[in-house]
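Q: I would like to learn how to read a protein model, feature by feature. Could you walk me through this one?
A: Gladly; let us look at it together.

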Amino acid sequence: AGAWSRKDVKGYLNHYAGNFQVPGGGSRQAWEKERSARIDKPGKIQVQVEDIKVSMNGDKATVRFKQHYKSATLSSSASKTLVFTKSGGKWLILQEKVGG
């Protein structure tokens, strides 16, 4: 959320595992290009998370939370689920989906 709010595209993308499962099954390269374009749009971005719940299973962690997003053109709130995997001593995002 911090890297996204700062519009730090590289920092944002560095939170995703190399084997990140792109929603909808598209290519990682196309997904990164789309995310970069959205983050780089002019104007301020605010991303906040709340009501965080974490469950662990070996080297994976499932994190459920409420995300509040606001930009010059969109304001939304949604439940999100991220699955993290531990890689090289860091927790990286393996999967993400909107909803529980």
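Q: Which residues have the most contacts inside the largest nonpolar core?
A: A word on the source before we start: this is a predicted model. As a general idea, nonpolar side chains in soluble globular proteins tend to be buried together. Here the largest nonpolar core has 19 residues, and those with the most contacts inside it are W4, Y12, Y16, F20, W31, F84 and I93.

Q: Which elements give two or more residues to this core?
A: They are the helices and strands α1 (2–5), α2 (9–13), α3, β2 and β3. Of these, β2 gives the most, with four residues.

Q: What does Y16 touch, leaving aside residues up to four places away in sequence?
A: Picking one core residue and listing its contacts is a good habit. Y16, one of the residues with the most contacts inside the core, touches R28, W31, L92, I93 and E96. Two of the names in that list, W31 and I93, also belong to the core residues with the most contacts.

Q: Now the strands. How many bridges join β1 to β2, and in which sense do the two run?
A: When you read a sheet, go pair by pair: look at the direction, then the bridges, then the turn. Strands β1 and β2 run antiparallel and are joined by ten bridges. To find your place, use E50, whose bridge partner in β2 is K66. The hairpin of β1 and β2 has two residues between the strands, and G58 takes a positive phi near 65° there.

Q: What comes with the pair β2 and β3?
A: Strand β2 (residues 60–70) and strand β3 (residues 75–87) pair in the antiparallel sense, over eleven bridges. Two landmarks help you line them up: H68 has S77 as its bridge partner in β3, and T62 stands opposite V83 in β3. This hairpin has four residues between its strands.

Q: And how many bridges are there between β3 and β4?
A: There are eight, and β3 pairs with strand β4 (residues 90–98) in the antiparallel sense. Your landmark here is K80, which has V98 as its bridge partner in β4. The hairpin of β3 and β4 has two residues between the strands, and G88 in the turn has a positive phi of about 60°.

Q: Let us turn to charges. How many salt bridges does a search of the whole structure find?
A: It finds four. For each one, check the distance between the closest N and O atoms, then ask where the two residues sit. Take E32 and R28: their closest N and O atoms are 2.7 Å apart.

Q: Why are E32 and R28 separated by about one helical turn?
A: Because they are four residues apart in helix α3 (residues 28–39). Both ends of this salt bridge are partly exposed, with E32 at 27% relative accessibility and R28 at 22%.

Q: Is R35 buried or exposed?
A: R35 is buried, because its relative accessible area of 8% is under 20%. R35 forms a salt bridge with E34, the closest N and O atoms being 3.9 Å apart. E34 itself is partly exposed, with a relative accessible area of 29%. Notice too that E34, R35 and R38 are linked in a network of salt bridges.

Q: How far apart are the closest N and O atoms of D51 and K53?
A: They are 2.9 Å apart in this salt bridge. D51 counts as exposed at 54% relative accessibility, whereas K53 counts as partly exposed at 47%.

Q: Which residues make the nonpolar surface patch?
A: With the core read, it is worth scanning the outside for nonpolar side chains as well. The patch is made by V49, I52, V54, M56 and W91, and has an area of about 470 Å². Its largest share, four residues, comes from strand β1 (residues 46–57).

Q: Where is M56 found, and why does it count as exposed?
A: M56 is found in strand β1. M56 counts as exposed because its relative accessible area is 53%, and exposed means over 50%.

Key
Residues numbered from 1 in each chain as written. Predicted model: local features only at pLDDT ≥ 70, side-chain atom pairs only at ≥ 80, totals over all residues. Heavy atoms only, no water. Pairing = 2+ DSSP bridges. Patch = residues over 30% accessible without salt bridge, like charges linked within 9 Å, V, L, I, M, F, W, Y side chains within 5 Å. Areas by Shrake-Rupley, 256 points an atom, 1.4 Å probe, with all protein chains shown as cover. Salt bridge = Lys/Arg side-chain N within 4 Å of Asp/Glu carboxyl O. Buried < 20%, exposed > 50% of the residue type's maximum accessible area, 1.4 Å probe, protein only. Core = buried A, V, L, I, M, F, W, Y, C linked by side-chain atoms within 4.5 Å. Contact = heavy atoms within 4.5 Å.
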